[in-house]
Amino acid sequence: MPKPQPIYIFDPILKSTIWGGDAICRFKGISDGPTSVGESWEISDMGEWQSIVAEGPERGVTLHGLVTRYGEQLVGRRSIERYGLRFPLLVKFIDADRDLSLQVHPGDEMAMRNHASPGKVEMWYVIGTRGDAAIYAGFNRPMTPATYTAMTADKSIMQAVTRHDVAPGDTFYLPSGRVHAIGAGTFLAEIQQASDITYRIYDYDRLDSNGVPRQLHTELAREAIDFGSTDCCRLQPGDGDTALVSCEHFRVSRLTVAGHGVTPQRPHDTFAVLMCIDGQCSVDGRMTLRHGATALIPAASPMPRIEGNATLLMATL
C-alpha cells in the first residue's frame with residue numbers, strides 16, 4: 001500500500017473580498033498576488049476550492065485526492081469514521097482591512113437540514129493589529145428573537161454586540177450560534193469545521209462589485225442564533241507553549257521554538273496542521289517554514305523535529 005509524503009505544503013487559495021487588504025500577501029511574501037485579499041485558504045477540501053500540493057512527488061494533487069488515496073493514513077481512523085473521505089478542517093489566514101459583516105453560523109443539525117453540510121464552529125488567533133482593531137462577538141445584553149428582529153429591522157443590532165479590543169496573541173472560540181464580526185485592522189488565523197455556511201445579519205449597507213446590496217440572511221440567522229448563551233468567547237491562554245482551544249471538532253495549541261529543537265506531541269490517530277505565524281524554522285531538515293506557511297503532517301507520519309526561532313499553531317482532531 002502506498003504511503004503519504006511525510007509532510008505536505010499546499011498552494012494558498014487567495015480570495016479577494018470587499019473588506020480585504022494587502023497584509024496576507026505581505027505576510028506570506030507574495031509579490032504578485034491579487035488585490036484586496038481577505039482570506040488565504042491554507043488547507044481546504046471544500047468542493048471546487050481545493051488545496052493543491054505545491055511540491056514533492058505528488059505536486060498538483062488535490063487535498064481531496066490525498067484523502068481518497070490514503071484514507072486513515074492521512075487523517076486517522078477517527079476522522080474517517082466521523083467525516084468520511086473528506087478533510088474535516090478548513091484553515092485560513094484572514095485580513096480585515098475593513099469591518100466584516102455581523103454574522104452567525106448554524107450548528108450541525110440546522111446546516112445538514114438546510115444545506116446538506118456540517119455546521120461551523122471556529123476559533124481565531126490574532127496575529128497582528130492595526131489602528132483601533134477589535135473583535136465583535138456575543139450579545140452585551142439579554143436578547144430574544146423578538147428584540148433581535150426589531151434591532152435588525154432598524155439597523156441598530158451592532159449596539160447589542162460586545163466589542164473586544166484585541167492585541168496579538170488574543171484567542172477567541174466561536175461556537176455555532178454565536179453572533180460575531182471581525183473588526184477592521186485585525187489580522188488572524190482561523191481554524192474551523194470544514195463548512196462555508198454563513199448567515200449575514202448586518203453589512204453596513206455595503207454594495208457588492210455590481211453595485212447591489214449584499215444579501216442578508218436575518219431569518220435564517222434568527223433560527224441559528226443561540227439566544228441563551230452568555231459564555232464569553234474570549235479565552236485567556238498562558239504564555240509560551242500552551243493549549244488554546246479544545247472542542248469536539250478540533251484542538252489547537254501554540255508552540256514556540258527558540259533556538260533548540262523540539263518534536264511536538266499530538267493525540268493518537270490524527271493528522272497535525274502546523275501554521276507558522278512568526279519567525280522561521282526547519283521541519284526535519286526537509287523544508288523551511290517562514291511566517292505565513294502552513295504544513296500538513298499525515299496521521300501515519302511521525303511528528304517532525306522543528307528547529308529555529310518561530311511561533312506555530314498546531315491543529316489536530
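Phe87 is fully tucked away in this predicted model: its relative accessible area is 0%, so it counts as buried. Its ring partner is Phe271, which also comes out at 0% relative accessibility and is therefore buried too. The two ring centres are 4.5 Å apart, and with the planes at 45° the pair is tilted, because that angle falls between the cut-offs of 30 degrees for stacked and 60 for edge-to-face. In sequence terms, this pair brings together distant parts of the chain. Phe87 sits in the loop between α4 (77–83) and β7, while Phe271 belongs to the loop between β18 (251–258) and β19 (272–283), 184 residues away.

That pairing is not a lone case, as searching the whole structure turns up 9 aromatic pairs. Another one joins Phe27 and Phe93, whose ring centres lie 5.4 Å apart; here the planes meet at 75°, so the geometry is edge-to-face. Phe27 comes from helix α1 (residues 23–28) and Phe93 from strand β7 (residues 89–96), so the contact between the rings ties together parts separated by 66 residues in sequence. Both partners are out of the solvent's way: Phe27 has 12% relative accessibility and so counts as buried, and Phe93, at 0%, is buried as well. Phe187 joins these two rings, and the three make up one aromatic cluster.

Aromatic rings also turn up alongside a charge. The charged end of Lys15 sits over the ring of Trp41, at 3.7 Å from the ring centre. Trp49 gets the same treatment, with the Lys15 charged end over its ring and again 3.7 Å from the centre.

Turning to helix α6 (residues 145–153), the buried residues there are Tyr148, Met151 and Thr152. They span an arc of only 100° around the axis, so they share the same side of α6. The spacing fits the usual helix geometry: with 3.6 residues a turn, residues three or four places apart point the same way. On the face turned away from that buried side, α6 carries the exposed residues Ala146 and Ala153. As for what the buried residues of α6 pack against, the partners are β15 (199–202) and α7 (218–224). Just past the end of the helix, Lys155 adopts a positive phi of about 60°.

How values were computed: Residues are numbered from 1 along each chain as its sequence is written. This is a predicted model: local features need pLDDT of at least 70, side-chain atom pairs count only at pLDDT 80 or more; totals for chains, interfaces and linings use all residues. Side-chain values use heavy atoms; hydrogens and water are left out. Rings of Phe, Tyr and Trp (its six-membered ring) pair if their centres lie within 6.5 Å; planes under 30 degrees apart count as stacked, over 60 as edge-to-face and the rest as tilted. Helices (H or I, at least four residues) and strands (E, at least two) are DSSP runs, numbered from the N terminus. Buried means under 20% relative accessible area, exposed over 50%, partly exposed in between (1.4 Å probe, protein chains only). A charge sits over a ring if NZ of Lys or CZ of Arg is within 6 Å of the ring centre and within 35 degrees of the ring normal. The arc is that of the directions from the helix axis to the C-beta atoms. Contact means heavy atoms within 4.5 Å.
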